[in-house]
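Here are a few exercises to work through with the model on your screen. Try each task before you read its solution.

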Amino acid sequence: MDVPAESKELSTTLASIEAVVDLESMGREVAELERQASAPDLWDDVENAQKVTSRLSYVQGELRRVQDLRRRLDDAETLWGLAEEMDDADSRAEVEAELASLRKSIDELEVRTLLSGEYDSREALVTIRAEAGGVDAADFAEMLLRMYTRWAERHNYSVDVLDTSYAEEAGIKSATFQVHAPYAYGTLSIEQGTHRLVRISPFDNQGRRQTSFVGVEVLPVVESSDHVEIPDDDIRVDVYRSSGPGGQGVNTTDSAVRITHLPTGIVVSCQNERSQIQNRASAMAVLQAKLLERRREEEQSAMNALKDAGNSWGNQMRSYVLHPYQMVKDLRTDFEVGNPQAVLDGEIDGFIEAGIRWRRSGEKAGAGAS
């Protein structure tokens, strides 16, 4: 290893990462989140408190991660200088090992900086479905569920399996699970597509080779609350006298309220209460519900667009071959390994990193063409 050249290259790569993540801005965010987390009334709003503490923990971890890499690189350069001065072979070997470890960590961090899509920072909702291949496909679906949960365990990510439909003979028809980790969607979205398994079927009495298929769908978790902020400038409020039965008090005052949401044209009204204030509050509640439903519909349309975009990558995106030879190959990036068992045990970071770089290069090519 040319240690000075390797060290210089790693330093340059790390500097570009530091520029992208903006350490100064990240430091300011940590300070602000720490201020919010120390507020005595923080836990009066449990949902907000969880968001603040979760975000603080994540940003602190990311900041520490970059700072630790820079410190380790600086220490390695210092140790190399001493090793050269003292002609110390053991120290040279130690520096080479440290630079190899730093190379892996910095490459992983560089891939993270490529996740800049609108939904990339969100948690992931993954659905696995057995497709063609009968019982082998159901068994393969269960193998992939295990693969992804083992991958999450390796990274200390929490996983909640939300739904599982078991097949009659073996395996699963489908499963949906959520990965609780920042950037889980951006990371796992590259896994969307059709996975293909070729092996000697353990369910075939004649020991024939079987090809089976499993579909993987990855969506970002929708972040929405049950409350929609409605600026006063976005509404027009009209009051009028209630009509119809309702008693003397209802009909003798201008207590009915009609609210028009100007950006969307949604109109709601309420005249059931005796006072204008009560009717306005009820009408606003109805308007919020209508706007929330509208937002959910828009978010679902966005999710469907992402799903369609994933399918456009092609049906078969990765092949797992267990017979007549051993290999797992991504058909988009040509990244491959010769140890399928390790992959099925959750060692898929190489495929994910290659996929993210492939997708980013395609985005750049598309932008250049336009």
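Before the helices, a word on angles: axes are lines fitted to C-alpha atoms, for helices over the stretch in contact, and angles run from 0 to 180 degrees between N-to-C directions. Helices (H or I, at least four residues) and strands (E, at least two) are DSSP runs, numbered from the N terminus. You're looking at a predicted model, where local features need pLDDT of at least 70, side-chain atom pairs count only at pLDDT 80 or more, and totals for chains, interfaces and linings use all residues. Residues are numbered from 1 along each chain as its sequence is written, and side-chain values use heavy atoms, with hydrogens and water left out.

**Exercise 1.** Work out how α1 packs against α4.

Step 1: find helix α1 at residues 3–21; its axis lies 10 Å from that of α4, at an angle of about 30 degrees.
Step 2: that makes α1 roughly parallel to α4 (angles under 35 degrees count as such).
Step 3: α1 passes α4 in a left-handed crossing, meaning the near helix is turned anticlockwise from the far one by less than a right angle.

**Exercise 2.** Find the bridge partners of Val126 in β3 and in β5.

Step 1: recall that two strands pair if DSSP finds at least two bridges between them.
Step 2: β1 (residues 124–130) pairs with β3 (residues 172–180) in the antiparallel sense, over 6 bridges; there, Val126 is partnered by Phe177.
Step 3: β1 also pairs antiparallel with β5 (residues 209–220), over 7 bridges, and in β5 the partner of Val126 is Val218.

**Exercise 3.** Put the strands of the open sheet that holds β6, β7 and β8 in order.

Step 1: the order is β6-β7-β8, with antiparallel pairing.
Step 2: β6 (235–240) and β8 (266–270) are the edge strands, each pairing on one side only.
Step 3: from one strand to the next, the twist averages 15 degrees.
Step 4: β6 and β7 (residues 256–261) are joined by 6 bridges, and Val237 has Ile259 as its partner in β7.

**Exercise 4.** Which helix gives the most to the lining of the second largest pocket?

Step 1: a pocket is an open set of points on a 1 Å grid over the protein atoms alone, where a 1.4 Å probe fits, with protein on both sides within 12 Å along at least five of seven lines; lining residues have an atom within 4 Å of a point.
Step 2: of its 21 lining residues, Glu62, Arg65, Arg112, His155 and Tyr157 are the closest to the centre of the second largest pocket.
Step 3: α3 (46–86), α4 (89–113) and α10 (349–369) each supply at least two lining residues, and α3 gives the most, with 5.

Conventions
Angles under 35 degrees count as roughly parallel, over 145 as roughly antiparallel, 65 to 115 as roughly perpendicular and the rest as oblique.
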